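Trainee: Could we go through this model together? I'd like to know what stands behind the terms.

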Amino acid sequence: MKVFGYRLPGMSSLLVWGLLWEIIGQSGMTFFIPPLSEVIATLFEVIGTPAFQKALYETAYAFGAGVFFAIVIGVPTGIFMGKSRLLDELLLPWVNMFLSAPLTALVPVLMVLFGFGMKSIIITTTLFAIWIIILNARAGVMQINRSLIDMARSFGASPWDAFFKIYVWAALPEILGGVRIGVIRAVKGVIIGQLLISIVGFGALFELYSSNFLMAHFWAVLIVLFALAFTISEFFAYLERRVAYYAAKR
Amino acid sequence: MSNRSTYLKLLSAVIVFGAWEIAGRIPVSYAFPTFLESMSALARMTFDGTLFAAYGETLKPLVIGVAISAILGIVLGLWIGLSSVFDWMFSPIFIVMQAAPLAALIPILVMAYGIGLTSKVFVVCIMAMPVIVLNTSSAVRNTPESIKEMGRSFLASDRAVILKIILPSASPIIFSGLRLGVSAGFIGAILSELKITPTGVGDIITFSRSIADYPSMYAAIFSIILLAVVFLNLLEKLENTLFEGNNRGYASD
Amino acid sequence: MVTPQTRQAFETAQPLTDNAVAVRGVSKNYGDVEALKNLTLEFPRGQLTSLLGPSGCGKTTLLKIIAGLLEPTAGEIEVNGKAITGPGPDRAFVFQDFALLPWASVMRNVAFGLELRGVAKSERESVAGKYIADVGLAGFENSFPHELSGGMRQRVGLARALSVDAQVLLMDEPFSAVDEQTRRKFQEDLLNLVQNENKTFIFVTHSIEEAVYVSDQIAILLPRPSRVSEIIRPSGFRDKGVDNIRRDPEYLDIVDEIWASLRNYVE
């Protein structure tokens, strides 16, 4: 939007919303919304507490591990599906199914199988992220220009070379796109896992704050969480744009 | 050709369900019933009506929540797509919502609205709405410039441009936004039953877990995933038949 | 040397060349970029005028300004002696990418201009049906754009423009997205159309041969900022029949001459 010929930056309206929040909070309209200024003051206070740091560490660990497994398993699976028709036909229905299935329903199963701990949360995170990563890696491989592969073969590339020098690179824009969406889903997965298991990480923190009616604390943690999630998603979007130039050229 | 793909689908189902059966027989865990045990529990719950009563409960917040999100989301998305002021004001909220783990809002919703239907509808709404709004607004914004110009050059009023050009042209993407919204709504509905109060299918899952009746628990989870997948697939089929050819017919193809 | 006598003769002769459209001192700036600068041009009634020039010379910009789709920064457009303020019923546009509604049948697409004017369904469909037959698409009324070839789609676009019965037809590189043979057929059909319908055509193209083949008057535009460098009026070969034009010496000379003046502007 332009005001007096000056282009307002994209996210600047969040300041307006913040102001609105402050006004509603100051007016004391509802107990559940304390003024933003108070929340931000609490935020700095909370960040220093061991409870918060522990939650952040546990969440980052579960998230990192979950995404790691999703990528390490998902990308090769996708590439193999793109290359082998048999594998593709066997696996694709399941990948498509899990992509749209409400995986939240599986969390209770994971809880009884793997216990109320980190393991279940990591698996939840992986389950949320992996399907789109597989699907995109597969799509990336399937659209590789046929003549690129013929070129590699005519210059005598080994299958190993072809895999790492052609397939991975040619499918990179799609793979990164999949990883970006996968990571966003993983953030949601890690939080959903923690909420349902609720004795680890932010799940435990939320329980603590809400049972003690610490509203400002609650919102402060939410802001940190949302900001982190948004930053992660923007970071991957940035990576994706860096390789988008050759995706468009094909 | 289609025979081969049907056989392979069947084969892959046999492999997966067979693996489930074998893993259940070993058993890999005391809490891992076999495929057949789970299916017979599913059949039992279907025939004694437990499952239908449960779904009546579970689908209520889902249907209400998705309906609210659809109406509000499309109107908002249309507005955001058409007006740069609205775009500036509201887009960031939905962009952040799209990336954020909104499930974290559940504890506060419960405090504010209690553990009843209202909270559950709210959970479904916050899950389903962002994708509906963002799809609608980007579809409206990306209406091909040339057909809008065509409308203006043939003297269409603003109203006619919106109703006869922008909306029909945006409708495939709006529809797929709705489908994704329903998909997110399912997550919201299940999450709220597992987290807020166990009712409906969430009740079957929680209760049978507490009495270690694992076949029933697995059956309930199996049924809700199946229901969601089948319903979403039907929506996708409908989408493909409704908008067949809608995205083709321009000079570039 | 202009003597008073010749000037008087010139002025009295003026009303005889009846202009359907006149562009007077039009400029168009995009920020600091001058797309068009003080451009003046007249379009005689019942004739086809081509706007020809290298890419980026602003010919499409000029056409859209005439259509009322773009607002000029300075200057004005007169249609039938009246300044325009936006799109009007006196002009119809044929789009480079056809701009068909993909979800609507050929019939509804062709009748769309009339639909927007609130013409009753039965009436607009009988008008549209006539023009669908005129452009050679009888039998395709219920087809959808994606079922048609590129050439057929542009015939739909043309029928839509004809069915609103505007006096001025604005065509923005209408044949650039169709294949070479279809384009030749289109060009022949266009010549017949100019002859049979008493309409004024303004035709944007980047093809020199196409411009010389179809035009009564060719305005050569040069870029940055855009201006009219030359107006050429082929006269000798128009009546020799569609098959003989491309062999006519005057046709060939004009094509060469235009190429000679444009070649410096091609990167």
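Mentor: Sure, let's start with confidence.

Trainee: What pLDDT does chain A average?

Mentor: Chain A averages 85, and 95% of the residues score at least 70; pLDDT is the predictor's confidence in each residue, from 0 to 100. This is a predicted model, where local features need pLDDT of at least 70 and side-chain atom pairs count only at 80 or more, while totals for chains, interfaces and linings use all residues. Residues are numbered from 1 along each chain as its sequence is written, with chains lettered from A and ligands numbered from 1 in the order in which they are written.

Trainee: Which elements of chain A have the lowest and the highest mean pLDDT?

Mentor: Strand E1 (residues 2-3) of chain A is lowest at 64, and helix H6 (residues 118-142) of chain A is highest at 92. Where pLDDT is low, don't read the predicted coordinates in detail.

Trainee: What makes H6 a helix and E1 a strand?

Mentor: They are DSSP runs, numbered from the N terminus: H or I over at least four residues for a helix, E over at least two for a strand. Residues 118-142 make up H6 of chain A, and residues 2-3 make up E1.

Trainee: How many residues do chains B and C bring to their contact?

Mentor: Chain B gives 18 and chain C gives 24, with contact meaning C-beta atoms, placed from the backbone, within 7 Å. On the chain B side, H7(B) has the largest share, 6 residues.

Notes: Contact = placed C-beta atoms within 7 Å.
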